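Thanks for coming, everyone. Please have a look at the structure on the screen. I'll start with some rings.

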Amino acid sequence: MRKKRIAMLLTVSMVIAMLSGCGGNSDSGDSGSSGTDTAAETEKSEEESGSASEDYVYRVGFINIDNADQNCYPAAMNFKEYVESMEFAKAVGTDKVEAMVADSALDIEKQTTNVETMLTKGVDMMFIIGVDTEGNTAAVEQCNAEGVPVFMVGTEASGGEWKFVGFNETELGQKVGEWCVGNLPENAEICFIEGTPGREAAVLRKQGFMDAVAQRKDLDILSSQTGEFEVEASMHVTEDWLTTYGDKITCIAGTDNNAVLGASQAIAAANMKGKILTCGVIGNRDDAEMIKNDECSYGVFVYWPAIGTLCGEIAQQQYLGEEIPERSHIELFDMTKENCDELLDEYCTE
């Protein structure tokens, strides 16, 4: 971007021009009081300063789905820390990089407004943890119209041009189902806690789970209900199941960490710990305590902060003009009591 700008300035002589960066994301202040330096004066000024783009600010946008989310917020902060490091700035050839992070608070309209605001301030690329697959399209198309590369993080959009960063949602559900297939007794009865209806994460994870469980014809799904990706909702669903089915339930499975948290809390409150197995997702050290305390038999370890780091690496590749694949994934791990501490020490260092 800086080379292009230098070339433009060198070809213009005796013409009044504003000092601005590619994509419209320069600092608001001009190099001169009137903002109308000639190309010759600008060239001289840049030679004296030793840099042709000291005024240029590299900016990246990161729209978070919800800062209250214990997985997504750490990912956003990891991204910000990575991108704003001196190492990152040096790697992409600038003195400073600014990561602009905004919270959508699970509101699709707020998400769209956040994107509009960042585009007016000027960003070189946009990362979005989207609120809704259909609704995400408006934000993506805004970025497309401005020529700003956009990356959907852990979520997708039904339209527009974008690339994906996150993990394989279907694989996550599949792993939970495969654990059930390999570890549950004959004729086991399963209750499944779904995510928020309509969210592609919920749809794909359920699909992966059901496809995997179908490998064993003796496994029966007693009930499948939404836990809304929330602890409290998952707890209430589990309480209803315990009342309705009681000891008939062999296992309660979920494909997010809040589902298994809610289920384990309800089982403990009903004094049924050890009578009903649970399996699901582990996202952090707090979640892992369920495995250590025998409240959860198995979890897919999905370390969301690693997604923030991956987004930072992709931002660097984008600045350097490297080819970026359509889909970039972090690795998913099988966590049990046997390897819990090992995985936490290697990947979850905080």
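Phenylalanine 88 is buried, and tyrosine 319 is buried too. Keep in mind that this is a predicted model. These two residues form an aromatic pair. Their ring centres are 6.2 Å apart. The planes meet at 75°, and that makes the pair edge-to-face. Now, where do the partners sit in the chain? Phenylalanine 88 is in helix H4, residues 86-92. Tyrosine 319 is in helix H12, residues 305-319. That is 231 residues apart, so the pair links distant parts of the chain.

Which residues do ring pairs link into a cluster with these two? Tyr58 and Tyr82 join Phe88 and Tyr319 there.

How many aromatic pairs does the structure hold? The count is 12. Here is another one of them: phenylalanine 62 with phenylalanine 127. Is this pair stacked or edge-to-face? The centres lie 6.5 Å apart and the planes are at 15°. Planes under 30 degrees apart count as stacked, so this pair is stacked. Again, distant parts of the chain are linked. Phenylalanine 62 belongs to strand S1, residues 58-64. Phenylalanine 127 belongs to strand S3, residues 125-128. They are 65 residues apart.

Are these two buried or exposed? The cut-off for buried is under 20% relative accessible area. Phenylalanine 62 has 1%, so it counts as buried. Phenylalanine 127 has 0%, so phenylalanine 127 is buried as well.

One more ring. Arginine 327 lies over the face of phenylalanine 164. The distance from the ring centre is 4.2 Å.

Next, a helix. H8 covers residues 200-213, which is 14 residues. How far should it span? At 1.5 Å a residue, the expected span is 20 Å. The end C-alpha atoms are 20 Å apart, so the two values agree.

Which residues of H8 are buried? Among them are Ala201, Ala202, Arg205, Phe209 and Val213. An α-helix has 3.6 residues a turn, so residues three or four places apart point the same way. What do the buried residues of H8 pack against? Helix H7 and strands S6, S7 and S8.

Last, the whole chain. It has 13 helices and 12 strands. Of its 350 residues, 51% are buried. Take contacts between residues at least 6 apart in sequence: 70% of them join residues at least 24 apart. The accessible surface comes to about 16,100 Å², and 47% of that belongs to carbon and sulfur atoms.

Methods
Residues numbered from 1 in each chain as written. Predicted model: local features only at pLDDT ≥ 70, side-chain atom pairs only at ≥ 80, totals over all residues. Heavy atoms only, no water. Phe/Tyr/Trp six-rings, centres within 6.5 Å; stacked < 30°, edge-to-face > 60°. Helix = DSSP H or I, 4+ residues; strand = E, 2+ residues; numbered from the N terminus. Buried < 20%, exposed > 50% of the residue type's maximum accessible area, 1.4 Å probe, protein only. Lys NZ or Arg CZ within 6 Å of the ring centre and 35° of its normal. Expected span 1.5 Å × (residues − 1). Contact = heavy atoms within 4.5 Å. Areas by Shrake-Rupley, 256 points an atom, 1.4 Å probe, with all protein chains shown as cover.
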